[in-house]
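Dear colleague,

Please find the structure below, handed over for your reference. My notes on it follow directly after.

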Protein chains: 2
Amino acid sequence: MAKILYGKPVMEAMNRRMTAEIADLKARGIAPTLATLRVGDRPDDVAYERGILKRCENLDIGVRKIVLPLETSQEELMATIREINADDAIHGCLIFRKLPGNFDDDAVCAALAPEKDMDGITEGSLAGVFTGKDRGYPPCTAQACMELLDFYGYELKGKKAVVIGRSLVIGKPVAMMLLGRHATVTTCHTRTVDMPSVTRDADVLIAAAGVAGVVDSSYVREDQVVIDVGINFNEDGRMVGDVNYDAVEPIVGAITPVPGGVGTVTTTVLADHVVQAAKKIAAAAHGQ
Amino acid sequence: MAKILYGKPVMEAMNRRMTAEIADLKARGIAPTLATLRVGDRPDDVAYERGILKRCENLDIGVRKIVLPLETSQEELMATIREINADDAIHGCLIFRKLPGNFDDDAVCAALAPEKDMDGITEGSLAGVFTGKDRGYPPCTAQACMELLDFYGYELKGKKAVVIGRSLVIGKPVAMMLLGRHATVTTCHTRTVDMPSVTRDADVLIAAAGVAGVVDSSYVREDQVVIDVGINFNEDGRMVGDVNYDAVEPIVGAITPVPGGVGTVTTTVLADHVVQAAKKIAAAAHGQ
């Protein structure tokens, strides 16, 4: 029987810290504010946006919800981002991606100011994740994995971490963050030969394959900590992770559930990035 | 008896390709030109500079050798970099680092235009290495490892690659480049527990520990390909790698010598980056 690493207590601990920080900022006349930028009405985006609005409302973080129609031009979208960059009352921005239609995604990412990039999409944020320097913000999901491991007290130094997946939103950044904590880090992917033999060697396994239930009992052994980043829907419409939970949970030492694990923490990390961005502004103002 | 992976034939093959490319560029009125920027007279820098000048002269690549005195101010150094950025006759720049004295290294790196960054020091180049997008240029030493593996025909897809070291000049970028070639990549470092057990599992081992001879016979097994990135000097003043060559060479399948391996290719990669930068300018001009 594994220890179940629920996201809720992680979220609650982060909320308590943030609530104090937000009160402090407001006392100094700064109202942490996020801009959300959505193009079109894709149901995934609308659902995520609803979650963000609720989370921010609960924390008393302001949200400027910007929605552009599908027929928006590249130049109009870029102009909107430049307005967000220039608006001192907005501390961070989340752009719902992947963008619909034929937008130049690289140009859109490049247009956002790194200091307002809350989800690791700009060159500045990506270089920050790669170098370990304080520049921009890492992708929220990658940081959510680290928040879970920290909250439950797992020491990473000298441990073997294996990451399944090499995307820019989770696999590569979480590998860099684990390396920054002095883990020995292996990245697996679709071309890896005999993946179970690699993942069974891990102390900490991050499953970000994007395939429902691909991590089965052959991938794991006792005492492992398994972080399931997957959000998939099975044939019954039920949300499932990348880990076959029923097969893996009886074997390993600890596991995050889906839903109720990483996903629960991700939106809280986004809110935290807004608070940290507002704190940087406050510190810079104080320094002047 | 291992196959010895000498750098010289790699360099010669690259030189043949570049010679044709440079002739083509010159026929179109473009003289590929590198600016070298050195502050002070550190012997390592002077020796590397001499190697670069010779390599570029042999290839008919122009060099603007800029040397600033130790007492140069941050602002003067930044102004020099801005002049290099603005000079259309200069296609790339190499800054000798680490800079002496108390320069703000981050600011210096940020000042250089990514498209003229020949050695992976700008945010743009680092983000390019991390994302795999065509942006800036990777650190020359990291690319030299890949050139060696390519020249000698080692397929990386599905292979296990282990990198010792996590620096920004070699460990992290070469890990990303190996991942881009679909290897399963593990990064080890000083905090790795029982490193020999990890490195013995590699098909390809990149040794970039920065410690003379640290990779001994316990780290390797038969059939491995070992790339030694180390440049160290032993008590006799002899140049040695991170691999204990005499102990490792009889065991593994292939190994680069030091000197005569990676280091031989690194300056050639720098020259190649200048040629590629000049070709991009030419292509952009042609596209107008």
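The notes below take the relation of the two chains before one sheet of chain B.

Please bear in mind that this is a predicted model.

Relation of the chains

A turn of 180° with a shift of 0.0 Å along the axis lays chain B on chain A, and the RMSD is then 0.0 Å. The two copies are thus related as by a two-fold rotation axis. Within chain B, B:Thr186 has the C-alpha nearest this axis, at 2.0 Å from it. Both copies use the same surface, in that 100% of the contact residues of chain B recur in chain A.

The sheet in chain B

In chain B, three strands make up an open sheet, and their order is E3-E2-E4. The pairing in this sheet is parallel. In general, the strands of a sheet pair through backbone hydrogen bonds, either parallel or antiparallel. Strand E3 (62-68) and strand E4 (92-95) of chain B are the edge strands, each pairing on one side only. On average, and with direction ignored, neighbouring strands of the sheet are turned by 20° against each other.

Strand E2 (residues 33-39) of chain B is joined to E3(B) by seven bridges, and the two run parallel. B:Leu37 has B:Ile66 of E3(B) opposite it.

The helix on the sheet

Helix H2 (residues 43-59) of chain B packs on this sheet, where it touches E2, E3 and E4 of chain B. The direction of helix H2 makes about 170° with that of E2(B).

With kind regards

How values were computed:
Residues numbered from 1 in each chain as written. Chains lettered and ligands numbered in written order. Predicted model: local features only at pLDDT ≥ 70, side-chain atom pairs only at ≥ 80, totals over all residues. Least-squares fit on C-alpha atoms with pLDDT ≥ 70 in both. Contact = placed C-beta atoms within 7 Å. Pairing = 2+ DSSP bridges. Helix = DSSP H or I, 4+ residues; strand = E, 2+ residues; numbered from the N terminus. Axes fitted to C-alpha atoms, helices over the stretch in contact; angles between N-to-C directions.
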